[in-house]
Amino acid sequence: MPAIVLVGAQWGDEGKGKATDLLGEQVQYVVRYQGGNNAGHTVVTPDGEHYALHLLPSGILTPGVTCVIGNGVVVDPAVLIEELDALEARGVDTSRLVISADAHVIMPYHRALDKVTERYLGKSRIGTTGRGIGPAYGDKVARMGIRVQDLLDPQAFRAKLETALGERNQVLVKVYNRRALDVDTIWREYVGYAERLKPRIADTRLLLDRALADGATLLLEGSQGTLLDVDHGTYPFVTSSSPTAGGAAAGSGIGPTRINRVIGILKAYTTRVGEGPFPTELFDDYGEFLRKAGGEVGVTTGRLRRCGWFDSVIARHATRVNGLTDLFLTKLDVLSGLDRVPVCVAYEVDGERADEMPMTQAELVRATPVYEHLDGWFEPLEDAKTFADLPANAQAYVRRVEELSRCPVSAIGVGPGRDQTLVLRALV
């Protein structure tokens with residue numbers, strides 16, 4: 001049976017949690033394959049309950065679904081345990097969560113370095129969340145990382161911790177004039193986490209392979225979005241891993257030939273959090289309208305999101321680098337009440353039209369949007385049940401987005417609720 005990849009097709013915050021939650025009723029496994037607790041998903045259940053998930057796969061709210069934190073994720077054990085406890089206090093069964101033994105662990109020195117280096121960068125800062133994700137991935141690549149499996153052997157863990165912390169304390173103290181971290185304190189804290197998490201740790205690559213062989217359908221869920229991919233995003237203002245579809249294979253241990261569908265989540269306008277170029281960003285009343293109407297505040301950070309009109313250049317980029325087969329267009333309802341809705345169809349760079357992403361960062365910074373203006377609509381969309389229920393101009397907007405993105409729109413979000421989704425084509 002198939003593995004389906006769900007990716008953000010912009011800079012993240014597109015509504016992946018809503019899509020995963022919707023599809024969760026039709027799959028048996030939901031796998032988080034990259035990132036850490038530097039991103040969040042908001043899920044609204046049919047009974048109106050709101051859940052903000054930061055590290056757990058969104059399928060955790062669907063009974064009977066096995067949720068997997070894959071090897072490509074970096075895990076902060078304290079955050080994970082806190083999130084599990086919070087869900088269990090609200091009556092959510094979390095017993096089906098499994099954690100890859102090969103996932104890397106975020107340590108206190110990762111958080112310390114993340115915060116201090118960002119401050120020292122000043123105007124050149126990346127805009128990280130300060131949660132240690134980048135330094136944890138850095139240690140992974142430098143082969144100094146501590147994995148979840150290391151926590152299961154307290155003595156081996158201590159040896160690795162002493163090696164890593166010895167080097168990191170040198171940087172904290174001698175470079176940044178910060179206090180050294182204590183190895184005993186960290187060791188005791190993380191051994192305690194290991195006791196809580198031990199029953200959930202497994203060889204998830206083997207688990208997922210057997211699940212596919214048994215006929216299960218798997219949903220692979222990334223955090224962030226395509227334009228935050230460390231290879232294919234707006235570098236250096238990106239995350240430290242690969243949210244794109246290619247990252248799903250590496251971050252889950254599932255071979256790429258097992259993936260047969262890639263669904264891109266695309267907001268009906270564009271937002272991003274943090275620093276970096278954003279050609280369609282609005283600094284006027286329209287930007288504030290989108291922010292307020294869309295509730296554009298980061299789930300994990302609480303930061304206000306930067307808002308702009310729909311950008312088809314980055315949509316085409318996402319379609320291309322992910323090999324998208326479907327689009328899930330979210331927050332179409334936010335655009336209700338506008339007389340005219342601009343859509344970016346291309347950029348102008350140094351007097352030349354660019355229909356595709358500029359090759360260099362410098363060109364992207366200089367890019368200005370070329371807009372096409374579509375007729376808006378004033379009717380609310382929240383009660384629509386089919387595509388035909390949408391106002392004619394809203395239908396035309398969707399079809400134009402589909403045409404410009406070069407990928408079919410298979411589902412449309414018209415409100416935050418699980419039942420406020422129009423399915424044009426089955427996604428599973």
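**Nonpolar cores and a helix pair**

In this predicted model, the largest nonpolar core (buried Ala, Val, Leu, Ile, Met, Phe, Trp, Tyr and Cys residues joined through side-chain atoms within 4.5 Å; buried means under 20% relative accessible area with a 1.4 Å probe, protein chains only) holds 57 residues, and Leu332, Leu335, Leu390 and Tyr397 have the most contacts inside it. Helix α12 (residues 392-405) gives the most to this core, five residues; helices are DSSP runs of H or I with at least four residues, strands runs of E with at least two, numbered from the N terminus. Apart from this core lies another, of 53 residues, including Ile81 and Val148.

Residues are numbered from 1 along each chain as its sequence is written. Local features need pLDDT of at least 70, side-chain atom pairs count only at pLDDT 80 or more, totals for chains, interfaces and linings use all residues, and side-chain values use heavy atoms, with hydrogens and water left out.

Beyond neighbours within four places in sequence, Tyr397 is in contact (heavy atoms within 4.5 Å) with Ala268, Phe310, Leu332, Leu335, Val341, Val343, Leu374 and Trp377. Ile412, in strand β19 (residues 409-413), is buried, at 0% relative accessible area. Not counting residues up to four places away in sequence, Ile412 touches ten residues' worth of company that includes Phe328, Leu332, Leu390 and Val398.

Turning to the helix pair, Pro154, Phe157 and Leu161 are among the residues of α5 that meet α6, where Ile186, Trp187 and Tyr190 are among the partners.

Notes: Buried < 20%, exposed > 50% of the residue type's maximum accessible area, 1.4 Å probe, protein only.
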